[in-house]
Each structure stands twice: as structure tokens, then as C-alpha cells.
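This report concerns how two chains meet and how one hairpin is paired. The sequence and structure are shown first.

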There are 2 protein chains.
Amino acid sequence: MASPSCGRAHDVYDATCPCRHMLDLLANKWSALALGALEDGPRRFGALRARLDGVSPKALTATLRRLEEHGLIDRTVYPAVPLHVEYSLTPLGRDACEPLALLRRWVVDNIGRFPPAVLEVPAAVR
Amino acid sequence: MASPSCGRAHDVYDATCPCRHMLDLLANKWSALALGALEDGPRRFGALRARLDGVSPKALTATLRRLEEHGLIDRTVYPAVPLHVEYSLTPLGRDACEPLALLRRWVVDNIGRFPPAVLEVPAAVR
């Protein structure tokens, strides 16, 4: 189905197709990890930050905002002091988890096939 | 199977696990598109650049170099004037195409479910 903003067949290889924009959002390490981290239920920012080992608060904030803007997650604010904010998957976000989970799974299953030299983790992130 | 550089169970959520590094490489728009563009056979740089609409030569060069370093594609130089260079999938790269194709496919199949406003393509890339 063509969206209103694209009268042609959808094609992620076309820079002007909305599909390219969505691929850019989903084919992204932090998006893939954040969506996966919400599969078991809503989480608060702090819990997501702890789960996404190595993410900066700035990168996580930007990732969550983009996912919310694109209808993949909901941000719910509960009245409390301090404010209690939870992030959860929308039905669309839950569906997007499927191909992303397969990609994460593929990496784990195939890590032994990569050239060992490139798998050395830089000392900076140890 | 644990790699020599990681004595623990592999986990893409762990910043120090080699899996995280590989997810970073594969969960990337240009990697996903470049590997997919090689599924039908070897291609030259110019053909890849034309296929990956909107990619800069610099970004494509960096992407191809990373994919080659990580054993996902081969770069073959044929003696000719000017040099004839072809890129092709390795068996590992061909296998990596499977989850990436599912992700590209998911985007195309579900594009109509995204909020229309966010799918407007900026004038800059039209």
C-alpha cells in the first residue's frame, strides 16, 4: 500500500521513499536494543539506561523520542513527585521487535564466524 | 559459542561483548542496503553508488571497508586500466542478508502503519 506521501511502489533503496526513513530509524543499534528492552513490559528511563549498557543519556533520550514520534513506543507520565515516566511498546513497536530480534539473534549465533581480530573490544569501552 | 575475546555468554546488551560491535555494524542503514545490493551478484563501486540512492562516496567507501574488514564482503581487483574493482558477498555476508532482508521487507510491508506526518520526506532529499 502506498502512503499518501509516496505515489510509487515503496522501495528502501529510493532516498525519497518514506521507507528509507523508516529503515534509517530501525536499522540502528540503539533503536534495536531499546525496542528489545521493552519486550517484557514497560520500563522507566533509568531502567532502560541500565539495560542498554554504554548508552549516553543524550543518545537514549534522542532514541526514545524518535521511537515515540514514529509511533513505536508510548511515553506515559504518572502523576507523582518526582514524575514517574514509563515507556512501553505500541502494537506497531511490538511487531517491529520481530525482525529486530532476529537480527540480534543472528549476531549472537554467528559471532564465532567473524574474523577474531575485528572482535577485539577497544580498551576505551571495557 | 564464546569467542576468544569474550569468556561470557554473548549478549548484544553488553557494551563490552563483541556482539554489540557486530550489531552496530549490521544495524545500520547503509550496511543493510549495501549487503542487499550484492545479493544478485558482484557489483562495482559505481553500480553500488547508483543503487544506494543518496549515499555519499565517502559513506559508501567507509561502509564497504567496514564490511570487508569484518568478513562480510570480498573486494576483488582485476588488472585493467583503469582498475576494475568488484565487491561480492562472502558466505558470511550472504547469511547476514537474511535477517537484513526481513527487516527491509518489514519496513515496506508496514509503512502504511506509521504516523503520516513523520513520513513526509524533507525537501532537502527530494
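The description below takes the chain contact, then a helix pair, then a hairpin.

The model is predicted. The contact between the chains draws 52 residues from chain A and 52 residues from chain B. On chain B, the side that touches chain A receives at least two residues from each of α1, α2 (29–37) and α5 (91–110). The largest share of this side comes from α5(B), with 11 residues. By class, the side of chain B that touches chain A comprises 30 nonpolar, 11 polar and 11 charged residues.

Between the chains, helix α5 of chain A (residues 91–110) and helix α1 of chain B (residues 18–26) have axes that come within 9 Å and cross at roughly 130°. This angle is neither over 145 degrees nor in the range 65 to 115, so α5(A) is oblique to α1(B). The crossing of α5(A) past α1(B) is right-handed. The residues that meet are A:Leu103, A:Arg104, A:Val107 and A:Val108 from α5(A), and B:Cys19, B:Met22, B:Leu23 and B:Leu26 from α1(B). By class, the contact of α5(A) with α1(B) has 7 nonpolar residues, 1 charged residue and no polar residues.

The two contacts are set out by residue class.

| Residue set | Nonpolar | Polar | Charged |
|---|---|---|---|
| Side of chain B that touches chain A | 30 residues | 11 residues | 11 residues |
| Contact of α5(A) with α1(B) | 7 residues | no residues | 1 residue |

Within chain B, strands β2 (residues 73–78) and β3 (residues 84–89) run antiparallel and are joined by 6 bridges. B:Asp74 has B:Ser88 in β3(B) as its bridge partner. β2(B) and β3(B) form a hairpin, with 5 residues between the strands.

Key:
Residues are numbered from 1 along each chain as its sequence is written. Chains are lettered from A and ligands numbered from 1 in the order in which they are written. This is a predicted model: local features need pLDDT of at least 70, side-chain atom pairs count only at pLDDT 80 or more; totals for chains, interfaces and linings use all residues. Axes are lines fitted to C-alpha atoms, for helices over the stretch in contact, and angles run from 0 to 180 degrees between N-to-C directions. Helices (H or I, at least four residues) and strands (E, at least two) are DSSP runs, numbered from the N terminus. Angles under 35 degrees count as roughly parallel, over 145 as roughly antiparallel, 65 to 115 as roughly perpendicular and the rest as oblique. A crossing is left-handed if the near helix is turned anticlockwise from the far one by less than a right angle, and right-handed if clockwise. Two residues are in contact if their C-beta atoms, placed from the backbone, lie within 7 Å. Ala, Val, Leu, Ile, Met, Phe, Trp, Tyr, Cys and Pro count as nonpolar, Asp, Glu, Lys and Arg as charged, and the others, Gly among them, as polar. Two strands pair if DSSP finds at least two bridges between them.
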